[in-house]
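This briefing is intended to accompany the coordinates shown below. It treats selected cysteines, helices and one loop residue in turn.

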Amino acid sequence: MTERPFLAGIGPIHAECESRRSEIQESLIRIDRDFHRYGLDLKACDDIDTFKARLKEVGKYVPSAFDSQFKPARVGDCIGLTVRDDDGIAAVIGVRLYRFAVTSLADQLETLSLFYSNPAEQMVPGERLSIQGDADAYASRITDKVYWTGGLWVRPDLRGRQTNFPKILGIAAGSMAHARWGRVGMVTVTEKVMVQAGLVAKSYDIQHVLDSIIWTHPARPEKREWALLAKDADYVARQTLIHSAGDVPLVYRTGESRQIA
């Protein structure tokens, strides 16, 4: 599979979002226009292997949720976004849809089934995940569908206050997920130290930051404490509306007026 221009990757608007069709379309058009205004090329793919190739190209660790060797995804159940400028790849982000039938997100996390098709055979010996407290309560209520966000990478010279890529790419991916998959919320996990350092609040627009997840992995023993990040379906929809109104700036440049009105 290959990448396509961002707007070409949308497809028909899901029936669950018919009442928000105009806002979703306006948000997606504005996102595409904003990137092009700054000479940035925004492309989309809809299969997991193409997104994995982009991550490997920039040297980013490939999460098993985006690796078909561990957890295959049907074409159309994964969206990968890639931003390019004159210097090459500027940023990437991926989302994939999970559907639950007789289980919950909490069950899928704790058994590591969210990341492996066959955890007993595929997970690293000694790898364990325990979800507790508010994170467990929230994840236990998700028994229908949700999209997972991961694989975010921004080129070093564009990090910090140089760009607003983490926030705007999250909204772009959420708007496309909303268009394709209907009323669907978002989840992911992040290291607890990222939350404590204020980096999550600074760089992302996240509705829920929930304790606690203990995820032990022999290859990264220092990374044990994690938090669940989540957005309800209606919150994802509101972000689409906010961006369609032009309220989210794309680029920050010190000493320059580069914000999008």
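Is His217 buried or exposed, judged by its relative accessibility? At 12% relative accessibility, His217 counts as buried, because the cut-off for that class is under 20%. The model discussed here is predicted. The points below begin with the surroundings of His217 and continue with the helices H9 and H1 and the cysteines.

**Loop residue His217**
- His217 is located in the loop that lies between strand E8 (208-216) and E9.
- When neighbours within four places in sequence are left aside, His217 is in contact with Val124 and Glu127.

**Helix H9**
- Helix H9 covers residues 233-244, and its twelve residues should span 16 Å at 1.5 Å a residue. The end C-alpha atoms of H9 are 17 Å apart, which agrees with that expectation.
- The buried residues of H9 are Ala233, Tyr235, Val236, Ala237, Gln239, Thr240, His243 and Ser244.
- These buried residues pack against two helices, H1 (21-37) and H6 (165-181), and against the strands E6 (145-154), E7 (185-191) and E9 (225-231).

**Packing of H6 and H9**
- Two packed helices are described by the angle between their axes and the distance between the axes.
- The axes of H6 and H9 come within 9 Å and cross at roughly 115°. H6 is therefore roughly perpendicular to H9.
- The crossing of H6 and H9 is left-handed. On the H6 side, the contact is made by Ile168, Ile171, Gly174, Ser175 and His178; H9 contributes Ala233, Val236, Ala237, Gln239, Thr240 and His243.

**Helix H1**
- H1 has 17 residues and reaches 24 Å from its first C-alpha to its last, close to the 24 Å expected at 1.5 Å a residue.
- Ile24, Ser27, Leu28, Arg30, Ile31, Asp32, Asp34 and Phe35 are buried in H1.
- The partners of the buried H1 residues are strand E2 (41-45), strand E3 (78-85), H6 and H9.
- Gly39, just after H1, takes a positive phi of about 70°.

**Cysteines**
- Zero disulfides are found in a search of the whole structure. Cys17 is in no disulfide, and the nearest cysteine sulfur, that of Cys78, is 19 Å away.
- The cysteine sulfur closest to that of Cys78 belongs to Cys45, at 6.0 Å. This separation is too far for a bond, because a disulfide requires the sulfur atoms to be within 2.5 Å.
- Cys17 counts as buried at 1% relative accessibility, and Cys78 counts as buried at 0%.

Notes
Residues are numbered from 1 along each chain as its sequence is written. This is a predicted model: local features need pLDDT of at least 70, side-chain atom pairs count only at pLDDT 80 or more; totals for chains, interfaces and linings use all residues. Side-chain values use heavy atoms; hydrogens and water are left out. Buried means under 20% relative accessible area, exposed over 50%, partly exposed in between (1.4 Å probe, protein chains only). Helices (H or I, at least four residues) and strands (E, at least two) are DSSP runs, numbered from the N terminus. The expected span of a helix is 1.5 Å times one less than its number of residues. Contact means heavy atoms within 4.5 Å. Axes are lines fitted to C-alpha atoms, for helices over the stretch in contact, and angles run from 0 to 180 degrees between N-to-C directions. Angles under 35 degrees count as roughly parallel, over 145 as roughly antiparallel, 65 to 115 as roughly perpendicular and the rest as oblique. A crossing is left-handed if the near helix is turned anticlockwise from the far one by less than a right angle, and right-handed if clockwise.
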